[in-house]
Amino acid sequence: MLGLDRITFDPSIMGGQACIRGMRIPVSLVVNLVANSKPVEEILEEYPDLEPEDIRQSLLYAAWLTQERVYPFKTA
């Protein structure tokens, strides 16, 4: 999927939600930290297992999820 090799899904980790490299760090946490203006340097400090590429791919995955698609409907 889009070359996002750091985004993983495992039913035995965090209930199968999107996580970073099989760790118990959900993508939603990373996106939330960035959305709330947490500097990347601070995120990496607080979560030393994370790498800058993990944050980048988390944002790419979130952007992919929010792509708007328009489906035409026939009206009667």
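Two aromatic pairs are found in the structure, where rings of Phe, Tyr and Trp (its six-membered ring) are paired if their centres lie within 6.5 Å, and planes under 30 degrees apart count as stacked, over 60 as edge-to-face and the rest as tilted. The structure is a predicted model, in which local features need pLDDT of at least 70 and side-chain atom pairs count only at pLDDT 80 or more, while totals for chains, interfaces and linings use all residues. Residues are numbered from 1 along each chain as its sequence is written, and side-chain values use heavy atoms, with hydrogens and water left out.

A pair of aromatic rings is described by the distance of the centres and the angle of the planes. For Phe9 and Tyr61, the arrangement is edge-to-face, with 6.0 Å centre to centre and 65 degrees between the planes. Phe9 belongs to the loop between β1 and β2 and Tyr61 to helix α3, so this pair ties together parts that are 52 residues apart in sequence. Helices (H or I, at least four residues) and strands (E, at least two) are DSSP runs, numbered from the N terminus. The two partners can also be described by accessibility, with buried meaning under 20% relative accessible area, exposed over 50%, and partly exposed in between (1.4 Å probe, protein chains only). Phe9 is partly exposed at 44%, whereas Tyr61 is buried at 9%. Tyr61 also pairs with Trp64, here in a stacked arrangement, with 6.1 Å centre to centre and 25 degrees between the planes. Tyr61 and Trp64 are three residues apart in helix α3, so about one helical turn separates them. Trp64 is partly exposed, at 28% relative accessibility. Together, Phe9, Tyr61 and Trp64 form one aromatic cluster.

Gly16 offers another view of the loop between β1 (7-8) and β2 (19-20), where this glycine has its place. Its contacts, meaning heavy atoms within 4.5 Å, are with Phe9, Asp10 and Pro11, not counting residues up to four places away in sequence. Gly16 is partly exposed, with a relative accessible area of 25%. The C-alpha atoms of Gly16 and Asp54 are 18 Å apart, and these residues are separated by 38 places along the chain.

Turning to charged side chains, the structure holds six salt bridges, each defined as a side-chain nitrogen of Lys or Arg within 4 Å of a carboxyl oxygen of Asp or Glu. In one of them, Glu51 is joined to Arg6, with the closest N and O atoms 2.9 Å apart. Glu51 lies in the loop between α2 (40-46) and α3 (52-65) and Arg6 in the segment before β1, so the pair ties together parts that are 45 residues apart in sequence. Arg6 is buried at 17% relative accessibility, while Glu51 is partly exposed at 34%. A network of salt bridges links Arg6, Arg21, Glu51 and Asp54. Not counting residues up to four places away in sequence, Arg6 touches Cys19, Ile20, Arg21, Glu51, Glu53, Asp54 and Gln57.

Lys38 also takes part in salt bridges. Its side chain meets that of Glu42 at 3.7 Å, N to O, and that of Glu46 at 2.7 Å, N to O. Lys38 is partly exposed, with a relative accessible area of 24%. Its partners are partly exposed too, with Glu42 at 36% and Glu46 at 43%.
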